[in-house]
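Got the viewer open? Let's take a walk through the inside of this one, a selection at a time.

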Amino acid sequence: TMKFQFAIGFLVAASAAAFAPAAFVPRTASPASALQMAFSSEIFKTEEVQFADTKETIVRGGRDLFPLLPKAFEGIERIGVIGWGSQAPAQAQNLKDSLTDAGTDIKVSIGLREGSSSFAEAKECGFSEDDGTLGEMFDVISKSDLVILLISDAAQAKLYKQVFEAMKPGATLGLSHGFLLGYLDGIGEKFPEDMDVIAVCPKGMGPSVRRLYEQGKEVNGAGINASFGVHQNVSGKANELALGWGVALGSPFMFETTLRSEYKSDIFGERGILLGAVHGIVESLYRRYQRQGMSPEQAFLESSESITGNIVKIISTQGIRAVYEKLEGEDKKIFQTAYSASYLPAKEILQEIYDEVASGNEIRTVIMHGDRLDKYPVGKIDGTDTWKVGEQVRATRNEDEIPLNPFTAGVYVATMMAQCDVLLEAGHPYSEVVNESVIEAVDSLCPYMHYRGIAFMVDNCSFTAKTGSRKWAPRFDYLLDQLAYTAVDNGNPIDQDLIAAFETHKVHSAVEECCKLRPSVDISLFAETSTKEIVIQ
């Protein structure tokens, strides 16, 4: 899951030496179709949804389900939300509001490291040391029945033993990312066997989780779709608690995953079309369009603005194929040319990223980068010509005049489709594929990119996402420029088989089904919010 980074205090690096390389297990033969997920609940109504050629079980959220929360949270008297990064402020406030509205006495407390500057921000959001809803992290952990661990991935890798030791008997560990499991797999360790381990993973960054919750209060709720997973169910109640957590966050719908499937798809996705790939695409097209004679302002409009202000808005409500179907005549041929040339170069990089994540290499990269932070602090990347021009374009933007550039659309859609195919071939269910490759991009991240710029997102995302984006964006930039655009300039013919595969791809019906389950309101980035969106200075 993508996450804004509000503080760097928890980017404590785990020892890279302790995370010895694990043997890489080659991929097995790809399944014919995506994994089918099914689960049941005695509290929440489940329903089957047809995603392409598979049926999956989901739970629809909504504020009308809040009366069911006391039963789902049965036995929980205190929830400890640990950290104050991207997800923590949003999740803590949503949980607090929902559980209060449901008539429960469950206390939601924030746990922070001693001396953290985030104490002041948590107090501004209504948490207080006086009433026991704000305190030192290990003290809060020791008193909580549900510990929602939302410190950075690097900090989790460093502090997991202390967290486990501090948890009281019978407490449940809640995660919003499977990174810790990936780390434990890599060093041959496991979660303690006597505790429930669950995950609820919003498919968007924290600020969007809170903004949509606030903006959807009058329309039976809105929020960000979430996956949920039950890794250990000692009590027999973990499934219901996870679903209750998702409902309380305001998720429009929840779908099942596993922690391993989640961290592979999530870490992979943010390096791909969610962040790294779109960054590389825009940089490469911005230069290409200027070489073709456009002004810098027009080049930015035809590349970045076309993606974040037009293409993704179509995908959000109508699906991927709708972008293609809106084009006619020569524009459709330009799309086909760009798609045909870009699909395989993009998929080559995406497959490499997936293999690096699945093997544990990408997790090791994050840990080793954390070890170097003191010596090599992370700097901003928004000072280049691309993003300076972008500021000027946004300042004079007319939303009604943002173009649907067919070449840009072909490159972007080819990369998105290639990402879907890599995940499907690895056996991920359609719900996860679509949310990690499409929904999170168009309904959470790209609205912020349109609002503040793609470089802003890279500079302010989580440490794990930032590390991956900076590593892989240049690869997309390079290979698209060297292979895809060269093929176009050399007059290579359109691969009609590739276009036919795109036109008839099963993922389109899955995306269109997910569009029906989207939030009940479009996110507004200009409305007031209690979520702080901190720009790294």
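Select isoleucine 320 first and show its neighbours. Leaving out residues up to four places away in sequence, Ile320 touches Ile315, Val413, Met416, Met417, Val438, Phe502, His508 and Val511. Keep in mind as you click around that this is a predicted model.

Now widen the view. Ile320 is one of the residues with the most contacts inside the largest nonpolar core, which has 129 residues. Others on that list are Leu173, Tyr183, Phe191, Ile315, Tyr339 and Tyr412. Which helix gives this core its largest share? Pick residues 406-425: that's helix 16, with 13 residues in the core. There's also a second, separate core of 43 residues, and you can find it by selecting Leu65, Ala102, Phe127 and Ala242, which are among its members.

Back to helix 16, and add helix 17, residues 430-452. Their axes come within 8 Å and cross at roughly 145°, in a right-handed crossing. Show side chains where they meet: Tyr412, Met416, Gln419, Cys420, Leu423 and Leu424 are on the helix 16 side, facing Tyr430, Val433, Glu436, Ser437, Val438, Ala441 and Cys446 from helix 17.

Stay on helix 17 and trace it end to end. Its 23 residues reach 31 Å from first C-alpha to last, close to the 33 Å expected. Stop at alanine 441, where helix 17 bends by about 60°. Is this helix buried or exposed? Turn on the surface: 21 of its 23 residues are buried, so helix 17 is largely enclosed by the rest of the structure.

Last stop: glycine 453, just after helix 17, takes a positive phi of about 110°.

Technical notes:
Residues are numbered from 1 along each chain as its sequence is written. This is a predicted model: local features need pLDDT of at least 70, side-chain atom pairs count only at pLDDT 80 or more; totals for chains, interfaces and linings use all residues. Side-chain values use heavy atoms; hydrogens and water are left out. Helices (H or I, at least four residues) and strands (E, at least two) are DSSP runs, numbered from the N terminus. The expected span of a helix is 1.5 Å times one less than its number of residues. The bend at a residue is the angle between axes fitted to the seven residues ending there and the seven starting there. Buried means under 20% relative accessible area, exposed over 50%, partly exposed in between (1.4 Å probe, protein chains only). A nonpolar core is a set of buried Ala, Val, Leu, Ile, Met, Phe, Trp, Tyr and Cys residues joined through side-chain atoms within 4.5 Å. Contact means heavy atoms within 4.5 Å. Axes are lines fitted to C-alpha atoms, for helices over the stretch in contact, and angles run from 0 to 180 degrees between N-to-C directions. A crossing is left-handed if the near helix is turned anticlockwise from the far one by less than a right angle, and right-handed if clockwise.
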